[in-house]
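Dear colleague,

Please find below the structure that I promised to hand over. My notes on what was found in it follow directly after.

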Amino acid sequence: MAIVNVSDQSFKAEVEGEGTVLVDFWAPWCGPCKMIAPVLEELDKEVEALKIAKVNVDDNPESAARFGVMSIPTLIVFKDGQPVDKVVGFQSKDALKNVVSRHQ
C-alpha cells in the first residue's frame with residue numbers, strides 16, 4: 001500500500017474505517033520526523049495489512065488537537081477506526097513492527 005497524506009477533512013474517510021492504520025503526525029521542519037520517514041517507507045513495504053497515513057500538523061491542527069498530539073513525531077495506531085496505541089519520538093522499524101503487530 002502507498003503511504004497517504006491525510007488532511008483534517010479526509011481524516012475520517014482515510015483513517016477511521018476497517019483495518020489497521022498507522023498515523024504519523026509530523027511537520028516538515030521536524031528533524032526526527034525526517035529521520036522516521038524512510039523507516040515508514042520500509043514498514044509500508046514489509047507489513048501487508050497495514051495502511052500508513054501522514055498528517056502534517058502545521059496544515060491540519062484539528063486532527064493533531066483531537067488526538068492530543070503535543071510532540072512530533074507522534075505515531076498512533078488505529079484499529080477499526082479507534083486509536084489503540086501511541087508512540088512518541090523516533091522509533092526503529094523493529095519497534096514500530098512490534099507496536100503494529102499487537103493490533104493486527
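In this predicted model, the largest nonpolar core has 18 residues, and F11, V15, V23, F25 and F78 are the ones that touch the most other members. Helix 1 (11-15), strand 2, strand 3 and strand 4 each contribute at least two residues to this core. The largest share, 4 residues, is supplied by strand 2. V15 illustrates how distant parts of the sequence come together: with neighbours within four places in sequence left aside, V15 is in contact with V21, V23, A53, F78 and G81. There is also a second, separate core of 14 residues, and among its members are I36, L43, L50 and I52. As background, nonpolar side chains in soluble globular proteins tend to be buried together.

I turn next to the sheet. It is open and consists of 5 strands in the order 1-3-2-4-5, with mixed pairing. Strand 1 (4-6) and strand 5 (82-88) are the edge strands, and each of them pairs on one side only. On average, neighbouring strands of the sheet are turned by 25° against each other, direction ignored.

Which strands does strand 3 pair with in the parallel sense? One is strand 2: residues 20-26 of strand 2 and residues 50-56 of strand 3 pair in the parallel sense over 7 bridges. Within this pairing, V23 has A53 as its bridge partner in strand 3, and F25 has V55. Between these two strands the chain passes through helix 2, and this β-α-β crossover from strand 2 to strand 3 is right-handed. The other is strand 1, which runs parallel to strand 3 and is joined to it by 3 bridges. Here the bridge partner of N5 in strand 3 is K54.

Is strand 3 enclosed or open to the outside? Strand 3 is largely enclosed by the rest of the structure, because 7 of its 7 residues are buried; the cut-off for buried is under 20% relative accessible area. In a regular strand the side chains alternate between the two faces of the sheet. In strand 3, L50, I52, K54 and N56 point one way, while K51, A53 and V55 point the other way, and all are buried. The lysines K51 and K54 and the asparagine N56 are therefore among the buried residues of this strand, as 7 of the 7 are buried.

Helix 2 (residues 31-46) lies across strand 2, strand 3 and strand 4 (74-79), and runs at about 160° to strand 3.

The structure holds 1 disulfide. It is formed by C30 and C33, with their sulfur atoms 2.3 Å apart. The angle about the S-S bond is 80°, and the link of C30 and C33 is right-handed. Both C30 and C33 are buried.

Finally, two loops deserve a look on your screen. I72 and P73 are joined by a cis peptide bond, with omega at about -5°. P73 lies in the loop between helix 3 (61-66) and strand 4. D80, in turn, is found in the loop between strand 4 and strand 5. Its phi is near 50°, a positive value in a residue other than glycine. Is D80 buried, partly exposed or exposed? D80 counts as partly exposed, because its relative accessibility is 40%.

With kind regards

Key. Residues are numbered from 1 along each chain as its sequence is written. This is a predicted model: local features need pLDDT of at least 70, side-chain atom pairs count only at pLDDT 80 or more; totals for chains, interfaces and linings use all residues. Side-chain values use heavy atoms; hydrogens and water are left out. Two strands pair if DSSP finds at least two bridges between them. Axes are lines fitted to C-alpha atoms, for helices over the stretch in contact, and angles run from 0 to 180 degrees between N-to-C directions. Contact means heavy atoms within 4.5 Å. Buried means under 20% relative accessible area, exposed over 50%, partly exposed in between (1.4 Å probe, protein chains only). A crossover is right-handed if, with the strands pointing away from the viewer, the path from the first strand over the helix to the second runs clockwise. A disulfide is a pair of cysteine sulfur atoms within 2.5 Å. A nonpolar core is a set of buried Ala, Val, Leu, Ile, Met, Phe, Trp, Tyr and Cys residues joined through side-chain atoms within 4.5 Å.
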